[in-house]
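Please work through the exercises below with the sequence and the structure open side by side. Each task is followed by a solution that goes step by step.

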Amino acid sequence: MITVEDIRKFTLFKDFPTETLAAIIPRLISNTFPANTTIIYRGDPGHSMFMILSGRAAATSTNAEGVQYTL
């Protein structure tokens with residue numbers, strides 16, 4: 001379960017009132033992804049936000065020559 005304390009760790013939300021953060025918790029979805037899983041692709045519709053509560057993620061892209069690089 002995602003808590004107010006989890007959300008408050010993000011600078012974007014640090015000054016939000018506790019009541020406001022508590023009110024958005026029911027709308028949040030928690031997912032766990034295995035290592036090396038692609039979560040989103042360039043060009044996907046952007047109507048969600050991801051917050052990494054544990055672990056890490058990398059944003060990468062592949063250029064026209066097929067070389068992958070980190071953004």
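The exercises that follow concern a predicted model, and they go from the core to the surface and then to the pairs of side chains.

**Exercise 1. Find which residues make up the largest nonpolar core, and place Val4 within it.**

Step 1. The largest nonpolar core has six residues in all, namely Ile2, Val4, Ile7, Phe13, Leu21 and Ile25.

Step 2. Val4 is found in helix H1, which covers residues 4-8, and with a relative accessible area of 13% Val4 falls under the 20% limit, so it counts as buried.

Step 3. Leaving out residues up to four places away in sequence, Val4 touches Thr18, Leu21, Ala22 and Ile25, and among these Leu21 and Ile25 are members of the core.

Step 4. Val4 and Ile25 are 21 residues apart in sequence, while their C-alpha atoms are 7.6 Å apart in space.

**Exercise 2. Describe the surroundings of Phe13 and decide whether Phe13 is buried or exposed.**

Step 1. The relative accessible area of Phe13 is 10%, and because buried means under 20%, Phe13 is buried.

Step 2. When neighbours within four places in sequence are set aside, Phe13 is in contact with Ile7, Arg8, Leu21, Met49 and Met51, of which Ile7 and Leu21 belong, like Phe13, to the largest nonpolar core.

**Exercise 3. Classify the aromatic pair in the structure by its geometry.**

Step 1. A pair of aromatic rings is described by two quantities, the distance of the centres and the angle of the planes.

Step 2. The structure holds one aromatic pair, and its partners are Phe13 and Phe16, with ring centres 5.4 Å apart and planes at 65°.

Step 3. Planes over 60 degrees apart count as edge-to-face, so the pair of Phe13 and Phe16 is edge-to-face.

Step 4. The partners can also be described by accessibility, for Phe13 is buried at 10%, whereas Phe16 is partly exposed at 35%.

**Exercise 4. Identify the salt bridges and state the accessibility of each partner.**

Step 1. Side chains of opposite charge can pair when their charged atoms come close.

Step 2. The rule used here asks for a side-chain nitrogen of Lys or Arg within 4 Å of a carboxyl oxygen of Asp or Glu, and by this rule the count comes to two salt bridges.

Step 3. Lys9 is paired with Asp6, the closest N and O atoms being 3.8 Å apart; Lys9 is exposed at 63% relative accessibility, while Asp6 is buried at 17%.

Step 4. Asp15 is paired with Lys14, the closest N and O atoms being 3.4 Å apart; Asp15 is exposed at 65%, while Lys14 is partly exposed at 45%.

**Exercise 5. Locate the nonpolar patch on the surface and examine Phe50 as one of its members.**

Step 1. The patch is formed by Phe33, Ile39, Ile40 and Phe50, which together have about 370 Å² of accessible area.

Step 2. Phe50 lies in the loop between helix H2 (18-24) and strand S1 (60-62).

Step 3. The relative accessible area of Phe50 is 44%, and this value lies between the limits of 20% and 50%, so Phe50 is partly exposed.

**Exercise 6. Characterise Asn36 and Ser30 in the loop between H2 and S1.**

Step 1. Most residues other than glycine have a negative phi.

Step 2. Asn36, found in this loop, has a phi near 65°, a positive value in a residue other than glycine, and Asn36 is exposed at a relative accessible area of 83%.

Step 3. Ser30 also has its place in the loop, and Ser30 is exposed, with a relative accessible area of 54%.

Step 4. The C-alpha atoms of Ser30 and Gly55, which are 25 residues apart along the chain, are separated by 14 Å.

**Exercise 7. Determine which residues Thr60 touches, and how far its C-alpha atom is from that of His47.**

Step 1. Thr60 is found in strand S1 and is partly exposed, at 38% relative accessibility.

Step 2. Not counting residues up to four places away in sequence, Thr60 touches Gln68, Tyr69, Thr70 and Leu71.

Step 3. Thr60 and His47 are 13 residues apart along the chain, and their C-alpha atoms are separated by 20 Å.

Technical notes: Residues numbered from 1 in each chain as written. Predicted model: local features only at pLDDT ≥ 70, side-chain atom pairs only at ≥ 80, totals over all residues. Heavy atoms only, no water. Core = buried A, V, L, I, M, F, W, Y, C linked by side-chain atoms within 4.5 Å. Buried < 20%, exposed > 50% of the residue type's maximum accessible area, 1.4 Å probe, protein only. Contact = heavy atoms within 4.5 Å. Patch = residues over 30% accessible without salt bridge, like charges linked within 9 Å, V, L, I, M, F, W, Y side chains within 5 Å. Areas by Shrake-Rupley, 256 points an atom, 1.4 Å probe, with all protein chains shown as cover. Helix = DSSP H or I, 4+ residues; strand = E, 2+ residues; numbered from the N terminus. Phe/Tyr/Trp six-rings, centres within 6.5 Å; stacked < 30°, edge-to-face > 60°.
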